[in-house]
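Me: I would like to learn how to read the way two helices pack, and how two copies of a chain are related. Could you walk me through it?

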There are 2 protein chains.
Amino acid sequence: MKWLALAGGVGGAKLALGLSKALPPSQLTIVVNTGDDEIFHGLHVSPDVDTVMYALAGLSNPETGWGIAGETFHALDRLRVYGADTWFNLGDRDLATHIRRTELLRQGLTLSDVTQSLSSALGIAHPIAPMSDDPIRTMLLTDIGELPMQTYFVKHRCEPTVSKIRFDGAESARAAPPFARALDDSDALVFCPSNPFVSVAPILAVPGVRRAIEGFEGMRVAVSPIVGGQAIKGPAAKMLQELSLDVSCVGVARQYEGLCDIFVIDDVDGDKAADIEALGMRAVVTDTIMTSDADKARLAEHLCGLLS
Amino acid sequence: MKWLALAGGVGGAKLALGLSKALPPSQLTIVVNTGDDEIFHGLHVSPDVDTVMYALAGLSNPETGWGIAGETFHALDRLRVYGADTWFNLGDRDLATHIRRTELLRQGLTLSDVTQSLSSALGIAHPIAPMSDDPIRTMLLTDIGELPMQTYFVKHRCEPTVSKIRFDGAESARAAPPFARALDDSDALVFCPSNPFVSVAPILAVPGVRRAIEGFEGMRVAVSPIVGGQAIKGPAAKMLQELSLDVSCVGVARQYEGLCDIFVIDDVDGDKAADIEALGMRAVVTDTIMTSDADKARLAEHLCGLLS
């Protein structure tokens, strides 16, 4: 049985890691949001792809959720001296990823090929692919203007009020080949507990993807990133509120109507199960909090048990 | 009185530092060889320019002569993991220089402008300029084939036998504007104790430069990089031998015939003074060994005293 996991952000990387412990490489493809990709200092940074790669390679910094454990920032300190805009934290080890990615892209490799090359080099056996090899940029219309995702997320610490989100370039993009193949031949699809607006929606914005998932023949499961009305991490709850949506796991579930068969909510949200089921999804209530690697594996195994 | 110093390599940077201590910024322009420039990992590296910049900024690693003191190599270690060719040592702080240079070049700045921007940011008041804003590549014909300078120098540790040297691209290059101005309005010219074949010759290969120096109206002084028949650092002595030239300060002086009025040799070479003077230059014998910063300033002051 083959699984396709859609991931973005720290929550996505956590469950992707859990799934990689529960499933062999031949049975799991992890497709990652690239709407956050940005050029910093002339280097192609893929924040969500890197977060998944570092998680699966055992390199993640558990305190921040992003970047590499034990990282140093000597290069960034000097870039600041040189007058570069350094609000986006790039560690020395992390920089190597961006330098190598940029170099390989310049040599003509696709982002899929580059991601495969980098993750193999990090010893990752499970296939990780970007949602698209084409540039798609998540743009947030806010009270201080339209901002690319990382500018909103890191530079402005998610403080601006979001009124609309669009995915620049999506209309002319294509699903990356590993993603298209996995959509076609997987038996189960997992929406990781990622932000539905800025992690999952960009993936769904790739032409043909929403329709493929609507018509997906296997089981489709989503895990709520909202627990007890709050996001585990990031601005999902704040965005639900600003977009005048229900700030709860039910508000998230509504984003997946027609795309999901099973919606997994946390024990603390057990009282929302009926509202979820009213949306035409089966509600599954379990402990969804992933603090340790064991938690991640346990949740992944629980999902596998649901669908196998 | 205005001075123009021509520099390359570690010896060049040492005297450039000394001159910067002896002369105010308005009276000194330092022009640096860029025949060693190379693209590593998609980044524009200017080894000789950086060696001069780091020396004047007080950042140099005194043990290696290249790079930054207290440097770390975390990014390079990971580039190696990613399969990149990492024979050229690039520290984390040093990488910031190359990342920023590459980015500013990409934005359309000239190498002169970029060098000015980087050195100002490092607090360097003395103008430092590349010999040219155009690409010139020092190529060494050796017994194992033709090699670019850094490949010969670092990758092959100067081991191949050199039979010929050419400066690829020189014919269509132009002197960088700060260099052209300094050639025009300086009262004194210093050839730093740099390798005559791979540090100074590339500068002389820029169209118009040799002629301008031949017709230079002020005094021209060169300091021998060969002391007691040996190079202080690098392959100058080995190259003199392989090119069937006199392996001594006299062999170097011959490279400067018609370009130099005063040739400075070390105390240990005092017996060569007559041979130097036979070439039509005044020979000056002094202690040319620059170990400490005080040594560098002392030699620079000695030169200033000779020409003022």
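Me: How are helix 3 of chain A and helix 4 of chain B oriented to each other: parallel, perpendicular or oblique?

Reply: Happy to help! Two packed helices are described by the angle between their axes and by the distance between those axes. In this predicted model, the axes of helix 3 of chain A and helix 4 of chain B come within 7 Å and cross at roughly 45°. The two helices are therefore oblique to each other. Helix 3 of chain A passes helix 4 of chain B in a right-handed crossing.

Me: Which residues make the contact between these two helices?

Reply: Helix 3 of chain A brings His74(A), Ala75(A), Arg78(A) and Leu79(A), while helix 4 of chain B brings residues including Asp92(B), Leu95(B) and Ile99(B). By class, this contact has five nonpolar, one polar and four charged residues.

Me: And how are chains A and B related?

Reply: In general, two copies of a chain are related by a rotation about an axis and a shift along it. Here, a turn of 180° with a shift of 0.0 Å along the axis lays chain A on chain B with an RMSD of 0.0 Å. That is the relation of a two-fold axis. Of the residues of chain A, Asp92(A) comes closest to the rotation axis, at 3.1 Å (C-alpha).

Me: How many residues does each chain give to the contact?

Reply: Chain A gives 22 residues and chain B gives 22 residues. On the side of chain A that touches chain B, helix 4 of chain A gives the most, with nine residues. Because 100% of the interface residues of chain A are also interface residues in chain B, the copies meet through the same surface.

Key: Residues are numbered from 1 along each chain as its sequence is written. Chains are lettered from A and ligands numbered from 1 in the order in which they are written. This is a predicted model: local features need pLDDT of at least 70, side-chain atom pairs count only at pLDDT 80 or more; totals for chains, interfaces and linings use all residues. Copies are superposed by least squares on the C-alpha atoms of residues with pLDDT of at least 70 in both. Two residues are in contact if their C-beta atoms, placed from the backbone, lie within 7 Å. Helices (H or I, at least four residues) and strands (E, at least two) are DSSP runs, numbered from the N terminus. Axes are lines fitted to C-alpha atoms, for helices over the stretch in contact, and angles run from 0 to 180 degrees between N-to-C directions. Angles under 35 degrees count as roughly parallel, over 145 as roughly antiparallel, 65 to 115 as roughly perpendicular and the rest as oblique. A crossing is left-handed if the near helix is turned anticlockwise from the far one by less than a right angle, and right-handed if clockwise. Ala, Val, Leu, Ile, Met, Phe, Trp, Tyr, Cys and Pro count as nonpolar, Asp, Glu, Lys and Arg as charged, and the others, Gly among them, as polar.
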